[in-house]
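Reader: I'm new to this structure and would like a close look at one part of it. Could you pick out the place where two helices pack together and walk me through it, with enough of the surroundings that I don't get lost?

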Amino acid sequence: MKTKSAFLGMGSDMGNPTLRLIFLLILPTLVLGYVIYYIIKTKELDRLSLIAFCCISGGGIANVFDRIAFGQVTDFFFINLGGVFKTGIFNIALDPSVTIGMVMLLFSGIFNSKKKEEISA
């Protein structure tokens, strides 16, 4: 299923093409540029944060590439376990990569703040 929306179909009701261009292509490109700059310039990143930022960047780059090259992102994966567990349609290469990266980044932030508290105590 080809979609001009964002994560799990969000943004599909965004009718204004200018807003769609800004929020689904220009803004993500700027954020990706900053994240990649941050990865390169920050030398004291721990391993978990670095992997998290790389997951986020990889998923974001693939998403922006699809939007530039094809004008849309192809979503193709749907999980339905008999009504017990059901997902929206998503792109396995993009959405989980960014989501897992964000979860890892949250864990890294929590663990790093605990380590700093232990060191200062």
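Author: Sure, let's start with the overall order. Going from the N terminus, the elements of the protein run β-α-α-β-α. That comes to three helices and two strands. Keep in mind that this is a predicted model. Of the 121 residues in the protein, 27% are buried. The accessible surface comes to about 8,300 Å², and carbon and sulfur atoms hold 71% of that. As for how the chain meets itself, take the contacts with a separation of 6 or more: 55% of them join residues 24 or more positions apart.

Now for the part you asked about. Helix α1 covers residues 17-41, and helix α2 covers residues 47-70. How do these two pack? Their axes are 10 Å apart and make an angle of about 150 degrees. The crossing of α1 and α2 is left-handed. On the α1 side, the contact is made by L24, L25, P28, T29, L32, V35, I36, Y38 and I39. Facing them from α2 are L50, F53, C54, I56, S57, G60, I61, V64, R67 and I68. Sorted by class, this contact of α1 with α2 has 15 nonpolar residues, three polar ones and one charged one.

Let's zoom in on one residue of that contact, S57, which sits in helix α2. Is S57 buried or exposed? Its relative accessibility is 5%, so S57 counts as buried, the cut-off being under 20%. If you leave aside its neighbours within four places in sequence, S57 is in contact with L32, V35, I36 and I39. You've met those four names already: they are on the α1 list of the helix contact. What about the polar end of the S57 side chain? A polar atom there lies 2.8 Å from the backbone oxygen of F53. F53 is also one of the α2 residues that take part in the contact with α1.

Next, follow the chain back to the loop between α1 and α2, where you'll find T42. T42 has 15% relative accessibility, and because that is under 20%, this residue counts as buried too. Its side chain reaches the backbone oxygen of Y38 at 2.9 Å. Y38, in turn, is among the α1 residues that make the contact with α2.

Helix α2 has other company as well. N63 is also in α2. Not counting residues up to four places away in sequence, N63 touches V73 and L94. Another way to place N63 is by its distance to T74: these two are 11 residues apart along the chain, and their C-alpha atoms are separated by 9.2 Å.

Last, have a look at helix α3, which covers residues 95-120. P96 has its place in this helix, and so does T99. Both can be located relative to G59. The C-alpha atoms of P96 and G59 are separated by 8.1 Å, although the two residues are 37 residues apart along the chain. For T99 and G59, the C-alpha separation is 9.1 Å, with their positions 40 residues apart along the chain. P96 also touches F90, N91 and G101, again not counting residues up to four places away in sequence. And T99? With 37% relative accessibility, it falls between the 20% and 50% cut-offs, so T99 counts as partly exposed.

Terms used. Residues are numbered from 1 along each chain as its sequence is written. This is a predicted model: local features need pLDDT of at least 70, side-chain atom pairs count only at pLDDT 80 or more; totals for chains, interfaces and linings use all residues. Side-chain values use heavy atoms; hydrogens and water are left out. Buried means under 20% relative accessible area, exposed over 50%, partly exposed in between (1.4 Å probe, protein chains only). A polar contact is a pair of N or O atoms within 3.5 Å; within protein, one must be able to donate a hydrogen and the other to accept it, and residues adjacent in sequence count only if both atoms are side-chain atoms. Contact means heavy atoms within 4.5 Å. Axes are lines fitted to C-alpha atoms, for helices over the stretch in contact, and angles run from 0 to 180 degrees between N-to-C directions. A crossing is left-handed if the near helix is turned anticlockwise from the far one by less than a right angle, and right-handed if clockwise. Ala, Val, Leu, Ile, Met, Phe, Trp, Tyr, Cys and Pro count as nonpolar, Asp, Glu, Lys and Arg as charged, and the others, Gly among them, as polar. Accessible areas come from the Shrake-Rupley method with a 1.4 Å probe; for residues, only the protein chains shown count as cover.
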